[in-house]
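User: Please take a close look at the nonpolar interior of this protein. I am new to the structure, so explain the terms as you go.

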Amino acid sequence: MLIIPVIDLSQGIVVHAICGKRKLYQPITSEISEDCKPKSILSAFFRLYPFKIIYIADLDAIQGNGNNASVINKFASKYKNCQFWVDAGIEQIIAKKSDYISKNIKLVLGSENNFSLNDYNNLMKNNSNILLSLDFCENGLINNPYLLNNPTIWPKKVIVMMLHRVGSTNGIDFKQLKNIIKLNNNSEIYVAGGIQNFSDINNLNSMNVRGCLVATSLHKNKITKDELDLHFNS
């Protein structure tokens, strides 16, 4: 199973995402990094393990308040053997020319954006490398319920983003996750939100989940370098 560190960027720094309440996000306090600068956080992740995928949420772009594309492009240019999965909102996907230009950047379309089925089909047709993020809150899928009714239109890689569990101590919403997995056997499922330790990762692995997105558990040393080495080298 792939383990994918997460960086949430806002106004040039890394913030601690908690339950999708973006107005309340504060600069990250990390046990593995001396500060909240993006470069420091990414370097700290790579000291733990040479991860092949990093997920970045450009919160400014998502909220229509500029973007952090220059920082992300520099990362992608420096670490060419790493893929960067970037959620920068829907406008970057619609735009004829994205600000995120490196070949190892793959854009994420979050279902929290409101788009019609026709618009969705056109986006997927014109952007074959897009990942779909099914964004959930405590009340279920955020917007676009047709995505759950038509799982055959999902792309190859799908992130189940439990926003109401992100950065919390509430754990993974396994009930919701099991329901999603049953819908589609053809897409690779990646899970985000509530992953606290390697016990959770092992449980996800037993469910044939392809990968998991983690941040808080890394920053709090709940998932350690030794555990990562054992996981990837066993």
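Analyst: The answer below starts with the core and then turns to the whole chain.

This is a predicted model, in which local features need pLDDT of at least 70 and side-chain atom pairs count only at pLDDT 80 or more, while totals for chains, interfaces and linings use all residues. Residues are numbered from 1 along each chain as its sequence is written, and side-chain values use heavy atoms, with hydrogens and water left out.

A nonpolar core is a set of buried Ala, Val, Leu, Ile, Met, Phe, Trp, Tyr and Cys residues joined through side-chain atoms within 4.5 Å; buried means under 20% relative accessible area, with a 1.4 Å probe and protein chains only. The largest such core has 65 residues, and Phe-84, Leu-177 and Leu-204 touch the most other members. Helix 1 (residues 38-48) gives this core its largest share, six residues; helices here are DSSP runs of H or I with at least four residues, numbered from the N terminus. Another core, of 21 residues, lies apart from the largest one and includes Ile-4, Ile-62, Trp-85 and Ala-215.

Leu-204 can be followed further. Beyond its neighbours within four places in sequence, Leu-204 is in contact with Met-1, Ile-172, Phe-174, Leu-177, Val-191, Ile-195, Val-209 and Cys-212, where contact means heavy atoms within 4.5 Å. Across the protein, 65% of the contacts with a separation of 6 or more join residues 24 or more positions apart.

Of the 234 residues in the protein, 56% are buried. The C-alpha atoms fill a box of roughly 45 × 40 × 35 Å along the principal axes.

Methods. Buried < 20%, exposed > 50% of the residue type's maximum accessible area, 1.4 Å probe, protein only. Helix = DSSP H or I, 4+ residues; strand = E, 2+ residues; numbered from the N terminus.
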